[in-house]
Structures are given as structure tokens and as C-alpha cells.
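Q: Could you take me through the strand pairing in this model and the cysteine links around it? I'd like a close look at how that part is put together.

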Amino acid sequence: GAPGWLSWLSLRLRLRSDLTLSCQPSEFRTPNCNQNKLPGCPRDFSPVCGSNMPTHPKECSLCMKIREDGHDNEIIQSGPC
């Protein structure tokens with residue numbers, strides 16, 4: 001059979017495509033990045049699932065990633081991916 005990491009990668013890609021296909025664009029929402037102007041984020045923990053797929057500890061963390069990378073990401077859902 002395939003090495004373990006290859007099976008894991010295949011499963012991850014399949015889950016990612018299933019999630020992307022199952023979410024209608026209207027379900028995505030734009031993070032409110034204007035509410036956090038400070039260089040850091042508050043210490044609260046309210047995870048969000050970004051369209052770039054990793055779980056972010058809070059909306060502010062996703063906004064920081066957007067500012068760093070220059071890529072638009074939306075929130076797929078509140079809570080972990």
C-alpha cells in the first residue's frame with residue numbers, strides 16, 4: 001500500500017475539497033479586520049476556520065495572516081476547521 005504520509009495527504013486533500021464544495025460562497029464571511037488596529041490580538045480564544053484552511057485561534061489572528069501574506073481569506077465557519 002501507499003506510505004502512511006501519502007494516505008494522510010490524500011485524505012486531507014479529499015476532506016479539503018469536500019469542505020470547499022459543500023460550502024456555498026454565501027456562507028463565507030469577511031473577517032472584521034478594522035476592529036483590531038493594534039499590532040497584537042486580544043487573549044480571548046474564539047477559533048475560526050479560514051478559507052486558507054488552518055484553524056486560527058481568533059478572527060484577529062486571521063486578520064494578521066491576511067496583512068502578512070496580502071491574500072484575502074474569508075471565514076468558512078466559527079470554530080475549528
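A: Start with strand β1, residues 48-50, which pairs with β3 in the antiparallel sense over three bridges. Keep in mind that this is a predicted model. Within that pairing, C49 sits opposite Q77 of β3. Step back a little and you get an open sheet of three strands in the order β2-β1-β3, paired antiparallel. The edges are β2 (55-56) and β3 (75-78), each of which pairs on one side only.

Now stay with C49, since a disulfide joins it to C81, S to S 2.0 Å. That pair links distant parts of the chain, with C49 in strand β1 and C81 in the segment after β3, 32 residues apart. The torsion about this S-S bond is about 105°, so the disulfide is right-handed. The two ends sit in rather unlike surroundings: C49 is buried at a relative accessible area of 0%, while C81 is partly exposed at 43%.

How many disulfides does the structure hold? There are three, and counting bonded cysteines along the chain they follow the pattern 1-5, 2-4, 3-6.

Next is C33 with C63, a disulfide whose sulfur atoms are 2.1 Å apart. C33 is in the loop between α1 and β1 and C63 is in helix α2, so this link ties together parts that are 30 residues apart in sequence. With -90° about the S-S bond, the link is left-handed. Here both ends count as buried: C33 has a relative accessible area of 19%, which is under the 20% cut-off, and C63 has 1%. Apart from neighbours within four places in sequence, C63 touches P31, N32 and C33.

The remaining one joins C41 to C60, again S to S 2.1 Å. C41 belongs to the loop between α1 and β1 and C60 to helix α2, 19 residues apart. The torsion about the S-S bond is about -85°, so this disulfide is left-handed too. C60 is buried at 5% relative accessible area, whereas C41 is partly exposed at 26%.

So what lies around the C33 and C63 pair? Both belong to the largest nonpolar core, whose six residues are C33, V48, L62, C63, I66 and I75. Helix α2 (residues 59-69) gives the largest share of that core, three residues. As a general point, nonpolar side chains in soluble globular proteins tend to be buried together.

Helix α2 also holds E59, and despite being a glutamate, E59 counts as buried at 16% relative accessibility. Which residues is E59 in contact with, once neighbours within four places in sequence are left aside? They are R29, P31, N32, Q35, S46, V48 and I75. V48 and I75 are on that list, and both are core members as well.

For contrast, try D44, in the loop between α1 (4-22) and β1. D44 is partly exposed, with a relative accessible area of 39%. D44 and K58 are 14 residues apart in sequence, and their C-alpha atoms are 7.4 Å apart in space.

A word on confidence before you lean on any of this: the chain averages a pLDDT of 76, with 65% of the residues scoring at least 70. Over residues 16-26 the pLDDT is below 50, and beyond near neighbours in sequence that stretch has seven contacts in the model.

Terms used: Residues numbered from 1 in each chain as written. Predicted model: local features only at pLDDT ≥ 70, side-chain atom pairs only at ≥ 80, totals over all residues. Heavy atoms only, no water. Core = buried A, V, L, I, M, F, W, Y, C linked by side-chain atoms within 4.5 Å. Buried < 20%, exposed > 50% of the residue type's maximum accessible area, 1.4 Å probe, protein only. Helix = DSSP H or I, 4+ residues; strand = E, 2+ residues; numbered from the N terminus. Contact = heavy atoms within 4.5 Å. Pairing = 2+ DSSP bridges. pLDDT = per-residue confidence, 0-100. Disulfide = S-S within 2.5 Å.
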